[in-house]
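Me: I have a short protein to go through. Can you take my questions one at a time?

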Amino acid sequence: MQNASGIQLNVPVPSHPIPAGAPEDAARKDVVELEQLVKSHDSLFLLMDSRESRWPPTVLGKAYGKVST
């Protein structure tokens with residue numbers, strides 16, 4: 001049985017500045033939420049808008065021993 005849902009986050013890309021007008025606190029909150037989601041789930045399905053933005057969740061998934069698809 002599968003229980004799936006979509007979550008929209010703004011994942012900051014390493015070495016890229018946080019976009020103008022986006023509060024730094026919001027970026028930190030999204031990163032913390034991303035890490036909690038990775039920790040609490042069995043696998044990851046990354047539907048991202050760029051290759052660079054897939055890097056942080058992929059590294060977190062590897063660090064927590066999750067399956068990435």
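What follows is a brief exchange on the fold, the surface and one serine.

Reply: This is a predicted model, where local features need pLDDT of at least 70, side-chain atom pairs count only at pLDDT 80 or more, and totals for chains, interfaces and linings use all residues. Residues are numbered from 1 along each chain as its sequence is written, and side-chain values use heavy atoms, with hydrogens and water left out.

Me: In what order do the elements of the protein run from the N terminus on?
Reply: Helices (H or I, at least four residues) and strands (E, at least two) are DSSP runs, numbered from the N terminus. The protein has 2 helices and 2 strands. Their order is α-β-α-β.

Me: What share of the residues of the protein counts as buried?
Reply: Buried means under 20% relative accessible area, exposed over 50%, partly exposed in between (1.4 Å probe, protein chains only). The protein has 69 residues. The buried share is 19%.

Me: What share of the exposed area do carbon and sulfur atoms supply?
Reply: Areas come from the Shrake-Rupley method with a 1.4 Å probe; for residues, only the protein chains shown count as cover. The protein exposes about 5,700 Å². Carbon and sulfur supply 54%.

Me: Where does S43 lie, and how far in space is V67 from S43, C-alpha to C-alpha?
Reply: S43 lies in strand 1, residues 43-44. In sequence, S43 and V67 are 24 residues apart. In space, their C-alpha atoms are separated by 4.6 Å.

Me: Why does S43 count as partly exposed?
Reply: The class follows from the relative accessible area of S43. S43 is partly exposed because that value is 43%.
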